[in-house]
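Colleague: I have a few short questions about this protein. Can you take me through them step by step?

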Amino acid sequence: LLHVASDSGSGSPVIMIHGIASSSVTFERLVPLVEPFHRVITIDLLGFGESPAPEDAEYTIAEHTAALARTVRSLKLGQPVVLVGHSLGALIASRYAALHGGRLRKLVLVSPPVYLPTSTIADGREATAQGLYYRVYEYLRENPAFTMRAAAALARLSPIKGLLDVSERNWRAFVLSLQNSIETQTTLTDLAAVRVPVEVVYGSLDPLLAPSGLRVVEQLRGVTTHRVDGADHVIRPRMARVVATAIG
């Protein structure tokens, strides 16, 4: 079972799952906007925050989703939920929705890093940019000392304390989640199987956004997108207000 970081408010349930190298503090700006109208539950992903990090875990989308599914079942909510996923959490939430759509009322994806194989991207510049993401991720995985120092520096600049954490404690979860859940992903296939409404919220300045993947997502049935001008990958106040509206 995963760690339930917070459970507050009353009403129809909303579950929030964060992204890679983070924890439920991701939703610090969002929870206060939603809990007056809903029961809001935040959950730390496998290997991150205060959740367990099994020694034999490979941190695939399947493993992340199975851990989430066990945890949601243990809550015995008794009614469909709104599932909110940020960054890597959006990819996991998409797989959960594809497999367990009957448990959901709506799926909300925030800053989803949906990547296409570079060979399928027609625009040469976008294909080059996509390839650059993969090279950067490979460098991060192969250079732990640099990655940890860079993450610590970025964490000091973050508007949310504890938002970014890459350390010896979660290094294996970080590396394998990056490789096995983000670089290797089936998000578009998962979203094509989702039968509940999908709301996608992203920032115009998000450096991790892949335009080619986003365009495909926008064309899927039941998907509504919300572009937040001036916002980046982090859920700051302006993006939090848009996400709260998308939750309903």
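Colleague: How many salt bridges does the count come to?

Modeller: Keep in mind that this is a predicted model. A pair counts when a side-chain nitrogen of Lys or Arg is within 4 Å of a carboxyl oxygen of Asp or Glu. By this rule the count comes to ten.

Colleague: Take Glu58 and Arg172, which meet in a salt bridge. How many residues apart in sequence are the parts that this pair ties together?

Modeller: The N to O distance in this pair is 3.6 Å. Glu58 lies in the loop between β3 (39–43) and α2 (61–75), while Arg172 is in helix α6 (residues 171–183). The pair therefore ties together parts whose separation in sequence is 114 residues.

Colleague: Is Glu58 buried, exposed or partly exposed?

Modeller: Buried means under 20% relative accessible area, and exposed means over 50%. Glu58 has 36%. Its partner Arg172 has 35% and is partly exposed. Glu58 also counts as partly exposed.

Colleague: Which residue forms a salt bridge with Arg169?

Modeller: Arg169 is exposed, at 52% relative accessibility. Its partner is partly exposed, at 26%. The closest N and O atoms of the two are 2.9 Å apart. The partner is Asp165.

Colleague: How far apart are the closest N and O atoms of Asp229 and Arg227?

Modeller: Asp229 has a relative accessible area of 46%, so Asp229 is partly exposed. Arg227 has 51% and is exposed. These two form a salt bridge, and the closest N and O atoms are apart by 2.3 Å.

Colleague: Now to helix α8 (residues 211–218). Which elements do its buried residues pack against?

Modeller: The buried residues in α8 are Ser212, Gly213, Leu214 and Val217. They pack against two helices and two strands, namely α4 (124–142), α7 (187–192), β6 (198–203) and β7 (223–228).

Colleague: Is Thr147 buried or exposed?

Modeller: Thr147 sits in helix α5 (residues 144–157). Leaving out residues up to four places away in sequence, Thr147 touches Leu140, Val166, Trp171 and Phe174. Its relative accessible area is 5%, and the limit for buried is under 20%. Thr147 is therefore buried.

Colleague: Which residues touch the most other members of the largest nonpolar core?

Modeller: In soluble globular proteins, nonpolar side chains tend to be buried together. Here the largest nonpolar core has 57 residues. The ones that touch the most other members are Ile15, Leu68, Leu107 and Phe174.

Colleague: How many residues are in the other core that lies apart from it?

Modeller: Among the members of this other core are Val14, Met239, Ala244 and Ala246. The core has 21 residues.

Colleague: Which residues is Phe174 in contact with, leaving aside neighbours within four places in sequence?

Modeller: Contact means heavy atoms within 4.5 Å. By that cut-off, Phe174 is in contact with Ile20, Ala21, Phe48, Thr147 and Val166.

Colleague: What is the radius of gyration of the protein?

Modeller: The protein has nine helices and seven strands. Of its 248 residues, 53% count as buried. A compact globule with 248 residues would have a radius of gyration near 18 Å. The protein agrees with this, at 17 Å.

Colleague: What share of the exposed area do carbon and sulfur atoms supply?

Modeller: The C-alpha atoms fill a box of roughly 45 × 40 × 35 Å along the principal axes. The protein exposes about 11,100 Å². The share from carbon and sulfur atoms is 56%.

Notes:
Residues are numbered from 1 along each chain as its sequence is written. This is a predicted model: local features need pLDDT of at least 70, side-chain atom pairs count only at pLDDT 80 or more; totals for chains, interfaces and linings use all residues. Side-chain values use heavy atoms; hydrogens and water are left out. Helices (H or I, at least four residues) and strands (E, at least two) are DSSP runs, numbered from the N terminus. Buried means under 20% relative accessible area, exposed over 50%, partly exposed in between (1.4 Å probe, protein chains only). A nonpolar core is a set of buried Ala, Val, Leu, Ile, Met, Phe, Trp, Tyr and Cys residues joined through side-chain atoms within 4.5 Å. The radius of gyration is taken over C-alpha atoms; the globule rule is 2.2 Å times the number of residues to the power 0.38. Accessible areas come from the Shrake-Rupley method with a 1.4 Å probe; for residues, only the protein chains shown count as cover.
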